[in-house]
Amino acid sequence: QDEEKWDFVLVSDIHEVGSTKEIKRKKFLDELSKKGFTIKKIEDKKLFYGVRAPKHIFRKYQWLLRNPQDSRLQDSDAHHDIPVTTRIRIVNFILQNTVTPDLEKLRDLIKKNVFETMFPLHEKEEIREFLKEKWARWRDIFCQQPIEKIRCYFGEKVALYFAWLGWYTYLLGFAALMGLVVFVAGITVFNSSQVSKEICEANNTIMCPLCDQKCPFWLLSDTCTYARVTHMIDNEGTVIFAMFMAIWATVFLELWKRQRATVVTNWDLYMWDEDEEELALELINNLQHEPRRYQHSYLRSTIVLILVLVMIAVLIGIAHALVIYRVVATAFFTQSDFEFFREQANTVAVMTGAVLHYLTIIIMTKVNRHVALFLCDLEKPRTFSQRENNFTIKLFIFQFFTNFSSLIYIAFFLGRINGHPGNYVRIAGKWRLEECHPSGCITDLFIQMAIIMMLKQTISNLVEFLVPWIGHKIRSRQKRPKKRNMVLGEEEEPEDPCKKQWLSNYQLSEVNIFSLFDEFLEMVIQYSFTTIFVAAFPLAPLLAFCNNLFEIRLDAIKMMRLRRRMVPRKANDIGIWLQVLEAIGILAVIGNGLVIAITSDFIPVQVYKYTYSPCMTKNSTAVDCLTGYINHSLSVFHIQDFEPHTKLAENQTGIIWDKITEYRDYRNADDYSYTVQFWHVFAARLAFLILFEHVALCVKLIAAWYVPDVPQSVKNHVLDEKHSNLRKELRWVMPQKV
């Protein structure tokens, strides 16, 4: 039965006899034969070559990487003890590093279309059937994952991904619950907020036009609903939730480190050395191999750094283009013939800008990948693991700026660099920059995040599942009639039992070395959305939690039913992603601190409440301390001071105009310079930012210290193992002295 199992299948087009491609293919297969590989050829529309490695290769692996406490020689049947995942990994390494007499490797031959592809086989074994029935099904969405069986079929790296994703989703449930509580608490103050009441009752407060060309003056009370939504998000609970998420991010990572240590200890991989593993595989493949030395080139690093900065500048430029779009779109919608677009010009511009931002994310993700790969090739990393780490860092940086540049602008720059009536900052001297709503900019950030997260978690996941599913269905239907014709035409020859299996595996969607990387990247970007700007969007953890429940099963179905078998990789952690997650945790503290201090109205409200409110100035306790806040936060503008090219709309019916309108800012009515209140608020924002970030970072450090990375049981297990090994070594020495 073992003789019918094949480690890998190589696929090639049928080339003409004597052609260059046919000769190169033969040379490569001859090199495999010299190493003792068994090769089986099956011809269909393509040529399929099954390869099986000789037993001595696995005996070498076992001997080189044997447990130090097990010094016995391996017997001739020891290769049966090697897991299938290890066999596939060893054979894959040898196939990838076998060199032909023309000094070409398999990846070179694939680029030249000598071979089309290569893949290990999904085989009808008990563990696969278990995973298909108990894991890769939508009905098991709330069931625990069989991590040990995933490891036995896909290897440690895939198992650790699902273990991390499951742990992340589990702890995300607590953050989602807290976010939901904060959001519901905000809904309860929907109608009771004093600030919202003042905006809704401001029937005589006339605001400056939203554009320069015949835009009408408007009443502050017109934005009553918008103000209520804003203060539903922007309240005291937001500050508590932001602090909670800063602590949550730290606790999550510390608990994951403990969980990971327990898991890999059970797998006997806690002390595993990746470099030793790679050197062993190199020697098994070629006994004359010399290890590639560590090297560093300052010139190459400088070039890569410059190119990375150029790419970041391009991504920031795209964010600027989105800003320009919103500015132009706002001006366009305010001139629209439709009353809805005129009245909601700013909101429509923000929403369409968010959709456009999502489209740029989709496009730039592909561009970023090619650029990151090009930069990795320039660096010439020593090992595949080092190349993967370099690629991860670069692509994450590019994706971070792609996803968050526009959000950073909305959060920290929108409405703060646009000037004031009579002296607006303009693009190309024509279109003036956007302004914040009188009730604050945080709702714009809320809308942007809500649209992007919902699109990413619906459209992206649908595409991620439907594309391979539809492709698999189409390929399967195309093959069915060909099978029947072949059987009818070749009745005298029984069909090779391997042919059906190889063809069915070939029809599945292709996987590559970065297939698992893509899943990690998707989740880490989601983690960034969930933590960095969570103060503006408390529902982000809830959306992420719901998405992840489906994501786990979606990934499982793709791997088990729609894709070819992934080459297993050995690992004892999630690699560089842990450092990326820790960096995001620090960015989350900074980001949420800035959102509360700058984007939110929390600080101006508190400054007014404890400095300028009736409670402080008149010692009045009979009224709400926020009474008068809106008038306090608005500045007066004289209509005659508008810029010359500004065309004002005709007076609206029912409004009695005078020479004064208002706008959101802290400026004097005579020369439009900043008032004392502005500097009070500015100082309070800065003080809060410093205090919040220092307290949050201190709490993070205390949490990291309080929760040990490695459980005591794991430390004691490693200690006992070392002690046992030393005692066994000593037993070999003592008799010799006697």
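A disulfide here is a pair of cysteine sulfur atoms within 2.5 Å. By this rule, the count comes to two disulfides. Please keep in mind as you read that this is a predicted model.

**The disulfide between Cys200 and Cys224**

Let us begin with Cys200 and Cys224, whose sulfurs are 1.9 Å apart in a disulfide. This pair links distant parts of the chain, 24 residues apart: Cys200 belongs to helix H8 (residues 194–200), and Cys224 to helix H9 (residues 224–233). The torsion about the S-S bond of Cys200 and Cys224 is about 85°, so this disulfide is right-handed. As for the surroundings, both Cys200 and Cys224 are buried.

**The disulfide between Cys615 and Cys625**

Cys615 and Cys625 are also joined by a disulfide, with an S to S distance of 2.0 Å. Cys615 sits in helix H22 (residues 614–617), while Cys625 is in the loop between H22 and helix H23 (629–633), so the bond ties together parts that are 10 residues apart in sequence. Here the torsion about the S-S bond is about -100°, which makes the disulfide of Cys615 and Cys625 left-handed.

**Accessibility of some cysteines**

The table brings together relative accessible areas for several cysteines, including Cys615 and Cys625 from the disulfide just described.

| Cysteine | Relative accessible area | Class |
|---|---|---|
| Cys208 | 6% | buried |
| Cys615 | 12% | buried |
| Cys625 | 22% | partly exposed |
| Cys698 | 44% | partly exposed |

The cut-off helps in reading these values: buried means under 20% relative accessible area, and exposed means over 50%, with partly exposed in between. Cys615 has 12% and is therefore buried, whereas Cys625 has 22% and is therefore partly exposed. Cys208, at 6%, is buried as well, and Cys698, at 44%, is partly exposed.

**Glu22 and its surroundings**

Now for a charged residue worth a visit in the viewer. Glu22 is found in helix H1, which covers residues 20–34. Glu22 is buried, yet has no salt bridge. The nearest side chain of opposite charge is that of Arg25, 4.2 Å away. A salt bridge needs a side-chain nitrogen of Lys or Arg within 4 Å of a carboxyl oxygen of Asp or Glu, so the 4.2 Å to Arg25 does not qualify.

What lies 3.5 Å from a polar atom of the Glu22 side chain? The partner is the backbone nitrogen of Gly18. Leaving aside residues up to four places away in sequence, Glu22 touches His15, Glu16 and Val17.

How values were computed
Residues are numbered from 1 along each chain as its sequence is written. This is a predicted model: local features need pLDDT of at least 70, side-chain atom pairs count only at pLDDT 80 or more; totals for chains, interfaces and linings use all residues. Side-chain values use heavy atoms; hydrogens and water are left out. Helices (H or I, at least four residues) and strands (E, at least two) are DSSP runs, numbered from the N terminus. Buried means under 20% relative accessible area, exposed over 50%, partly exposed in between (1.4 Å probe, protein chains only). Lys and Arg count as positive and Asp and Glu as negative; His and the chain ends are not counted. A polar contact is a pair of N or O atoms within 3.5 Å; within protein, one must be able to donate a hydrogen and the other to accept it, and residues adjacent in sequence count only if both atoms are side-chain atoms. Contact means heavy atoms within 4.5 Å.
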